[in-house]
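Thanks for sending this one over. Here are some notes to read with the structure open in your viewer.

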Protein chains: 2
Amino acid sequence: MRSSEQNQGFRGINPVTGEALGSEFFDATLAEIDSAMADAGEAAETLRGLDGRRIEELLEAIASGLERRREAIVGCCQLETGYPSGRVAGEFQRMVAGMRRFGAVARRGDWLGVRIDHGDALRQPVPKPDLRRMNVPIGPVVVFGASNFPLALSVAGSDVASALAAGCPVVVKGHPSHPGTSQLLAESISEAVSGASFPSGTFAMLQGASTSVGQELVEHPEVRAVAFTGSLAGGRAIFDMAARREVPVPVYAEMGSSNPQFVFPELLEKDAAGFAKRLFAAATMGNGQFCTNPGLVFLPAGASTFFQHYQTQIAGDVGAPMLNARIRDAFEQGVDRWSRVPGLEILVGFRPAAGIAIGAMAVCARISLQDFIAAGATLQEEVFGPATLFIECAAADEFLHAARSFGGQLGASLHGTEGDLGGRLARELLACLGGLAGRVLANAFPTGLEDCDALQHGGPYPATTDPHWTSVGTAAIERFGRPLAFQDVPDRLLPAALKAGNPLGIRRLVDGEFVEP
Amino acid sequence: MRSSEQNQGFRGINPVTGEALGSEFFDATLAEIDSAMADAGEAAETLRGLDGRRIEELLEAIASGLERRREAIVGCCQLETGYPSGRVAGEFQRMVAGMRRFGAVARRGDWLGVRIDHGDALRQPVPKPDLRRMNVPIGPVVVFGASNFPLALSVAGSDVASALAAGCPVVVKGHPSHPGTSQLLAESISEAVSGASFPSGTFAMLQGASTSVGQELVEHPEVRAVAFTGSLAGGRAIFDMAARREVPVPVYAEMGSSNPQFVFPELLEKDAAGFAKRLFAAATMGNGQFCTNPGLVFLPAGASTFFQHYQTQIAGDVGAPMLNARIRDAFEQGVDRWSRVPGLEILVGFRPAAGIAIGAMAVCARISLQDFIAAGATLQEEVFGPATLFIECAAADEFLHAARSFGGQLGASLHGTEGDLGGRLARELLACLGGLAGRVLANAFPTGLEDCDALQHGGPYPATTDPHWTSVGTAAIERFGRPLAFQDVPDRLLPAALKAGNPLGIRRLVDGEFVEP
């Protein structure tokens, strides 16, 4: 983990004080990358033969180990991110619960998608073979930790938990914004791997502040899939690298989006104050550093009462830290890009946050739909941070026109009274948004993912590189399995999941009928 | 369909006589491509709102329409492919049955993967949202028809049926080897589309003998996914094009493989004659022009009795037509490539088939495992046609060493007596082959796909471009759906599949439990 060869060194930075934190970390060397991947390749052979109950033991051991180190992890994470203690505590909880949830998914076994079609030796004109199909682990997975969820989407986060749950070894590239947190998490996982008697190559974490560590991992011959959460530029670069490999590998990159919100007129008439308050809370949650941040808000023109209320909200803003200087600078540049769009009016511009070295306060702006459309892709691009752009439409009818201009999105919402949402426009708009987003919401903001079976956190490009997958929710495990069929293989040679006696007690599709254990 | 602008013209060729057939066909023009894709984009909006029963009506109408034109289609197909009448009749049956099977899959609705997690307004510290998730059609799909299955994997084949079943409009690029068959199939489908009152953009077929038609289709902005069956070079070129798009789209390319067979010693001792006969039948089925053709056969050294029997089989060979001159030439070149590998002995070389203009007879060769390994990738590359390479291993133990040298495969088989397959070697070999193939078989050849729920016709690269998918079997529909979640959306705005009352009567995962209708 800690590079022994003293490659490029870097330190975590406390965004509140701007000070470099104590420990120095080093980019992994080529030899370390090679060794981690070789160990992962070897571990893959062992993991492929394990059943879900054994995998659950590992994930349970990891969860318990993390809980034992809770204080150290939470403390380090707060220093490295500047997140308030409540946020870090909540995210810690989500991380540990996620690890256990994927353990349960591994044991439940329905993700294996077992299908059995019995043979028939007497069928004419040719005998019918016996076919049995299940998902098997795809092999070693490289995970890029996200900057903004140092616990729930990083070294012990959803990508790692779902890959392990599928029986895949994982090599994580830790995010350089929280190297100390990554180190503590990785030590804890490795201890659990060893304690549960899994091969040591089951998990490794490599530090890397330069892009070359990531590139070498993506190009390594042992890799079978890559998971990433971050920017469009970063995700696309990884996707391109993986597609150019001699043996291409799937990339599951979640690259954020602007998450358009459509606010219907009656709601603004009846509850302008309430909506302003809820929107402001969602837009500044985590200081806007969420891929599900509601960045674009479409509303009917003439909503002056609402704007007054929103100004009141923003006047009470005290700002907050941003994750690192690069993100803070990109945020400032994004707002600057907005300000140069013809017809766009900055209502509250970029301001540093008082007493915070690397921080920012909320920004908002407005523009007419016509000017928004004229600006093309410029305004559809996500501005990562607490920025909200209001797009004024002559009438709600224009929402449909606006929605049709969008590329893929993680989330998109309708906000309205029962009357607003009862009409044809709401129905058509929902259908249109369903055609471009991974999740559509009514009277709710996309922020705050509910981690469950029915969550979809993905969507068409550029929200992700492949719309088939989700990176959060139990279905995230599906990314790390591939189907394998067994034809006429004797029962004693079949994996437990496919044997006649169903020793694992899992649900199976048998001769076209679902059979419970 | 028929290009009105008299672009590049071409004709089908009867491989038996070598004569060009009557009708001339023309490459689709840019304007025709554009129009077909625009219509598909429009149709996608309508299809997205239809339920599985309506889709089944369409597929049933297509199946019935094809049956009504059976004589014309079968006749044209025989002329264009040179396949014997029994083969064409069987493939026609498979095509029609596949269309109906995917209709049933659409109605059954379990491919929608509905998951519902009910909300809880009273949950602390935050209310739990209501989340409902299902697969929705991915959008317009481009399908490249395969040369070797002009019915079952082409204009009305598995890719088309599964995409339509998912609710996706389809634009097919017909294979230039069977343009007349493509034309008849397309006319029949379009008539059914119209008869079932589906939008005309639901289906289109474009002819194209040059690669530019395919390229323009893959690069068209309306495309959401591409399905292909053919060569590694062709599939990889399409994959690369799709990955370089501004908005990349998934490519499901099935590119064939060498499908290694491992023959255990006791079987060869006890049934050399029977095995030789079965192998020869599988290796020459469709004159070897199957992606599942058993091209590489590993066996213990000293199997002279077996080789005598195989020579007897091959002596009775009369040869058969090949699909077109390009494929026949590539086959001859492949055999020539083999002949230049050090240590490789050609037992029966390339021979044209008597009385067949474009034809070939079966080829076989042998080599030691050592020389096979030394030759590297050269001998792992598929030689498309009736060629079988025997690799002699000093002992069966070496099978494992051989298997570890392979890249991704569609299929891989073990052949042995109960004693052969009862030992540790068989178990380890099966595990190893399961790590690299989409389907593993015991005492069966990969040729002859059983089209059912449990089939997997896919595998790691280079067998396909993405190991998650199958191109045959009911799971093929999964390629054409993507998950969409609805959060807190009122019941009256939800699609039927997600409504509280379950009006479609489909299986759903509700709050973690599978609920039957």
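The points below go from the pairing of the chains to the domains and then to one sheet.

1. A reminder before anything else: this is a predicted model. Everything that follows should be read with that in mind.

2. Let's begin with symmetry. Chain A superposes on chain B by a rotation of 180 degrees with 0.0 Å of shift along the axis, and the RMSD is 0.0 Å. The two copies are thus related as by a two-fold rotation axis. If you want a landmark for that axis, try Ala243(A): its C-alpha lies 3.3 Å away, the closest approach of any residue of chain A.

3. How many residues of each chain are in contact with the other? There are 58 from chain A and 58 from chain B. Among the elements of chain A that give two or more residues to this side are helix H8 (232–244), helix H16 (424–434) and strand E18 (437–442). The largest share comes from E19(A), with 6 residues. By class, the side of chain A that touches chain B has 33 nonpolar, 11 polar and 14 charged residues.

4. Why do the copies meet through the same surface? Because 100% of the interface residues of chain A are also interface residues in chain B.

5. Strand pairing also crosses between the chains, and it is worth a look on screen. E19(A) is joined to strand E18 (residues 437–442) of chain B by 3 bridges, and the two run parallel. To find the spot, pick Ala485(A), whose bridge partner in E18(B) is Arg439(B).

6. Within chain A, domain 1 covers 30–255 + 468–480, while domain 2 covers 261–442. Their centres, taken over C-alpha atoms, are 33 Å apart. Contact between them involves 7 residues of domain 1 and 8 residues of domain 2. On the domain 1 side there are no nonpolar residues, 5 polar and 2 charged.

7. Now over to chain B, where 5 strands make an open sheet in the order E7-E6-E5-E8-E9, with parallel pairing. Strand E7 (203–206) and strand E9 (251–254) are the edge strands, each pairing on one side only. From one strand to the next the twist averages 15 degrees.

8. At the E9(B) edge, strand E8 (residues 225–229) pairs with E9(B) over 4 bridges in the parallel sense, and Thr229(B) stands opposite Glu254(B). Helix H8 (residues 232–244) of chain B packs on the sheet here, touching E8 and E9 of chain B, with its direction at about 170 degrees to that of E9(B).

9. Lastly, helix H1 (residues 30–48) of chain B lies across strand E6 (170–173) and E7 of chain B, and runs at about 165 degrees to E7(B).

Notes: Residues numbered from 1 in each chain as written. Chains lettered and ligands numbered in written order. Predicted model: local features only at pLDDT ≥ 70, side-chain atom pairs only at ≥ 80, totals over all residues. Least-squares fit on C-alpha atoms with pLDDT ≥ 70 in both. Contact = placed C-beta atoms within 7 Å. Nonpolar A, V, L, I, M, F, W, Y, C, P; charged D, E, K, R; others polar. Pairing = 2+ DSSP bridges. Domains from an automatic or database assignment. Axes fitted to C-alpha atoms, helices over the stretch in contact; angles between N-to-C directions.
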